[in-house]
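Please open the model in your viewer and keep the selection tool at hand. The tour goes from one selection to the next and says what is found at each stop.

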2 protein chains.
Amino acid sequence: MTLRVLGVDPGLTRCGIGVVDIERNRRATMVAVGVVGTSAELTLDKRLLVIATAIDEWLDLHEPDVVAVERVFSQMNVSTVMGVAQASGVVIAAAARRGIPVALHTPSEVKAAVTGSGTANKDAVTKLVTKILRLDAPPKPADAADALALALTHAWRAGSGMGGIGGNTGTDSLTPAQRAWAEAEAKARRAR
Amino acid sequence: MTLRVLGVDPGLTRCGIGVVDIERNRRATMVAVGVVGTSAELTLDKRLLVIATAIDEWLDLHEPDVVAVERVFSQMNVSTVMGVAQASGVVIAAAARRGIPVALHTPSEVKAAVTGSGTANKDAVTKLVTKILRLDAPPKPADAADALALALTHAWRAGSGMGGIGGNTGTDSLTPAQRAWAEAEAKARRAR
């Protein structure tokens, strides 16, 4: 029995989408990864339609057990935050329409889950995602790696990898996940 | 031949929706008005689902020619702006899915179109909306009146009331609209 998580790093210009299967023993396998981009020359309704259509296709094709979306922060650049929020609204509603649970995770939760540090840089996150999922090459662009990291974060934070919406689980459920990641990190270090 | 505009004042707690028919001679008639509210105790996905379902029903029932949505501003309260943006994303994508054009108007554009002043207060807007649409009582809550004002604004700003997406039409097309509103305002004053 596996938990299938679809992670989304929302955005109008680039929306990263990643699907990961996590087994009960925490082994994670990438199912699919992609990026949906829209041109700033399109009107907002056309851009949101492209994203809505893409997320519908991904949900129908992969039928995830849960959707993990990056929590949008108001601290972001003011000119981009509105578009990110609008895109995330479309993604969350698409999952809700299908009765798929949605979990939100902050960027620092993702960094902490993947690297053990909430202030890790993108390269560190990408490197560990690549290692954990046994990929031949790092997923690009960064939005794609972020989407996979979100999916992994959700599964690990949910505790056993079988939990429900683990957006705010305590440190009890974090500990084994962080330990697993630390082991993976150590392996990655040895491999360098 | 009439132009049917569905106006939306987006929000998670209250989403105002108003449908207005505007004839070529600028006479406007209210078709329907309503407010969709969601509890802050619901999770974000459930709240966006309620809004998505409602807007789908309104679009299917009234089949508007155009959807006018209030443009979200980053100047808003930081804690509410994200929810407003997410709700507006859901609304805009719902219209785009049906191939219905979407126009965005700022609050000051609405105030200017309805009252002639971009800094008019909500009471003035509600009063004129009530008068223009020949309603027995002011639409309540304010979100409902705002949605109707948005729909009217779009039709008037589009020039003849038959235009396409008139989100940024020039002063040429504004002048007759503003004149019409000024006449209505004068009538409203005489009626007091």
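Which side chain meets that of Asp146(A) in a salt bridge? Select Asp146(A) and Lys122(A) in this predicted model, and you will find their side chains meeting in a salt bridge, with 2.5 Å from N to O. Asp146(A) belongs to helix α5 of chain A and Lys122(A) to helix α4 (residues 122-132), so the pair ties together parts that are 24 residues apart in sequence. The two partners can also be described by their accessibility: Asp146(A) counts as buried at 11% relative accessibility, whereas Lys122(A) is partly exposed, with a relative accessible area of 46%.

**Along helix α5**

Stay with helix α5 and select Arg157(A) together with Glu109(A), which form a salt bridge whose closest N and O atoms are 3.6 Å apart. Because Glu109(A) lies in helix α3 (residues 107-115) and Arg157(A) in helix α5, this pair ties together parts that are 48 residues apart in sequence. Glu109(A) counts as buried at 17% relative accessibility, and Arg157(A) counts as buried at 7%.

**The annotated site**

Next, select Asp9(A) and Asp143(A), which an unreviewed UniProt entry annotates as "binding site". They span 135 residues in sequence, yet their C-alpha atoms are no more than 6.1 Å apart, so they gather at one spot. Asp9(A) is in strand β1 (residues 2-9) of chain A, while Asp143(A) is found in helix α5 (residues 142-157). Asp9(A) is buried, with a relative accessible area of 8%, and Asp143(A) is buried as well, with 14%.

Now show what surrounds them, leaving aside neighbours within four places in sequence. On those terms, Asp9(A) is in contact with several residues, including Glu70(A), Asp143(A), Leu150(A) and the Asp146(A) of the opening stop. Asp143(A), under that condition, is in contact with Asp9(A), Arg14(A) and Gly16(A).

**The whole of chain A**

Zoom out and colour chain A by secondary structure, and six helices and five strands should appear, which follow the pattern β-β-β-α-β-α-β-α-α-α-α along the sequence. Buried residues make up 55% of the 192 residues in chain A. Among its contacts between residues at least 6 apart in sequence, 62% join residues at least 24 apart.

**Where the two chains meet**

Bring chain B into view, and consider how it relates to chain A: a rotation of 180° with 0.0 Å of shift along its axis superposes chain A on chain B, with an RMSD of 0.0 Å. The two copies are thus related as by a two-fold rotation axis. Of the interface residues of chain A, 96% are also interface residues in chain B, so the copies meet through the same surface.

Select the residues of the contact, which takes 23 from chain A and 22 from chain B. Together the chains bury about 2,000 Å² between them, 71% of it on carbon and sulfur atoms. Highlight Asp45(A), Met82(A) and Arg97(A), which supply 29% of the area that chain A buries against chain B, more than any other three residues.

As a last stop, look for the salt bridges between chain A and chain B, of which there are two. Select Arg97(B) and Asp56(A), which form a salt bridge with their closest N and O atoms 2.5 Å apart. Over all chains, a search of the whole structure finds 16 salt bridges.

How values were computed:
Residues are numbered from 1 along each chain as its sequence is written. Chains are lettered from A and ligands numbered from 1 in the order in which they are written. This is a predicted model: local features need pLDDT of at least 70, side-chain atom pairs count only at pLDDT 80 or more; totals for chains, interfaces and linings use all residues. Side-chain values use heavy atoms; hydrogens and water are left out. UniProt positions are given in the numbering used here, feature names are shortened, and annotations may be inferred rather than shown by experiment. Helices (H or I, at least four residues) and strands (E, at least two) are DSSP runs, numbered from the N terminus. Buried means under 20% relative accessible area, exposed over 50%, partly exposed in between (1.4 Å probe, protein chains only). Contact means heavy atoms within 4.5 Å. Copies are superposed by least squares on the C-alpha atoms of residues with pLDDT of at least 70 in both. Buried area is the accessible area (1.4 Å probe) that two parts lose on being put together, summed over both. A salt bridge is a side-chain nitrogen of Lys or Arg within 4 Å of a carboxyl oxygen of Asp or Glu.
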